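This report covers surface charge, overall make-up and salt bridges in one protein model.

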Amino acid sequence: GGHRILTGSQDGRVRMWIRPDAQTQIKMGRRYVCYGVLTTRDEATIQDVGWSLDDRYVVTSDNSSQVKIWDSFTSVELRSLTLHSGDPPLIRFHPHDRRVLLTAGGDGKIILWDLITGRMIRRWETRLKLLDAAYSPDGLFLTFTSNSGQILIFGSGSREYYFQAPDEQFFERDYKRLEHSNMDVLDAEEKIPPHFLPNGNLIDRGRNVYVDQPKTMEARLELAPIPSLKSHPDATLEEREEDIANHQANLWKRSFELDGKWA
């Protein structure tokens, strides 16, 4: 891995680069050499690019909402997928199945494709403008974010714990007033970065406090609470870094505790 990379640009071209051997790198004075150019159209702007799981194909998305599949070795366009409209669709590849391609975009469509044949496998339509997507590491779940702040989760297994979670989830901290100071963002009252503040209660968008708070959820799932960041704003850099490192370690520990409890 890492011997070939992709770059896309506003000129409608995607360039494929390969890393030659060390002797050639010294001779040419560069680490990567362009060995192929994929040209969509002159007025297109490339929005997303990616390799297939086996590196055999390159998939591109441009501002005409077209998704194109290319042979990564010959630079030949193999097929064009044209079911999206509006904003350029994003591209995601299944982490284990080399045939499965996912596209989703501002038109609210979510489409699974057979990358080899170009045939549609499954299609969902939402009323949301989808901004990003990700597979779970095992490939069984898909998560989407939207411009409305909603998260969509598709997958297999039990939905019991998802039904127990409130649909609207905000923290009281989310509504605190912020101000800009020396290229930084601070809480207007406490004068410290907002991520150092406690979350406060879990609330809905009307700022109504839920009866079932994260601590009671943790108790129900038999989880130990994560200590919050406690560094004082006047702490030294070393003290802050140590505090953040401990906080991250606790988050990793929580992720392993949660494994198997939520699906």
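Glu-238, Glu-239, Glu-241 and Glu-242 form a negative surface patch. In this predicted model, Glu-239 sits in helix α4, which covers residues 237-258. The relative accessible area of Glu-239 is 44%, so the residue counts as partly exposed. That value satisfies the requirement for patch members, because these must have over 30% relative accessible area and no salt bridge.

**Overall make-up**

The secondary structure consists of four helices and 18 strands. The protein has 263 residues, of which 32% count as buried. Its accessible surface comes to about 16,800 Å², and carbon and sulfur atoms account for 51% of that area. Of the contacts between residues at least 6 apart in sequence, 39% join residues at least 24 apart.

**Salt bridges**

The count of salt bridges is ten. Three of the pairs are listed here, with the N to O distance for each.

| Acidic residue | Basic residue | Distance |
|---|---|---|
| Asp-54 | Arg-98 | 3.5 Å |
| Asp-114 | Arg-99 | 2.5 Å |
| Glu-168 | Arg-205 | 3.1 Å |

Asp-54 and Arg-98 meet through their side chains in a salt bridge. Asp-54 belongs to the loop between β4 (46-51) and β5 (57-62), and Arg-98 to the loop between β8 (90-93) and β9 (100-104), so this pair ties together parts 44 residues apart in sequence. Asp-54 is partly exposed at 33% relative accessibility, and Arg-98 is also partly exposed, at 39%.

The salt bridge between Asp-114 and Arg-99 joins a strand to a loop: Asp-114 is in β10 (residues 109-114) and Arg-99 is in the loop between β8 and β9, so the parts tied together are 15 residues apart in sequence. Asp-114 has a relative accessibility of 14% and therefore counts as buried, because the limit for buried is under 20%. Arg-99 is partly exposed, with a relative accessible area of 32%.

Glu-168 forms a salt bridge with Arg-205. This pair links distant parts of the chain, 37 residues apart: Glu-168 lies in the loop between α2 (160-164) and β15 (170-171), and Arg-205 in the loop between β18 (202-203) and α3 (214-220). Glu-168 is partly exposed at 26% relative accessibility, whereas Arg-205 is exposed at 61%.

Which residues are linked in a network of salt bridges? Asp-48, Arg-92 and Asp-132 make up such a network.

Methods:
Residues are numbered from 1 along each chain as its sequence is written. This is a predicted model: local features need pLDDT of at least 70, side-chain atom pairs count only at pLDDT 80 or more; totals for chains, interfaces and linings use all residues. Side-chain values use heavy atoms; hydrogens and water are left out. Patches are made of residues with over 30% relative accessible area and no salt bridge: like charges are joined within 9 Å, nonpolar side chains (Val, Leu, Ile, Met, Phe, Trp, Tyr) within 5 Å. Accessible areas come from the Shrake-Rupley method with a 1.4 Å probe; for residues, only the protein chains shown count as cover. A salt bridge is a side-chain nitrogen of Lys or Arg within 4 Å of a carboxyl oxygen of Asp or Glu. Lys and Arg count as positive and Asp and Glu as negative; His and the chain ends are not counted. The place of a charge is taken as NZ of Lys, CZ of Arg, CG of Asp or CD of Glu. Helices (H or I, at least four residues) and strands (E, at least two) are DSSP runs, numbered from the N terminus. Buried means under 20% relative accessible area, exposed over 50%, partly exposed in between (1.4 Å probe, protein chains only). Contact means heavy atoms within 4.5 Å.
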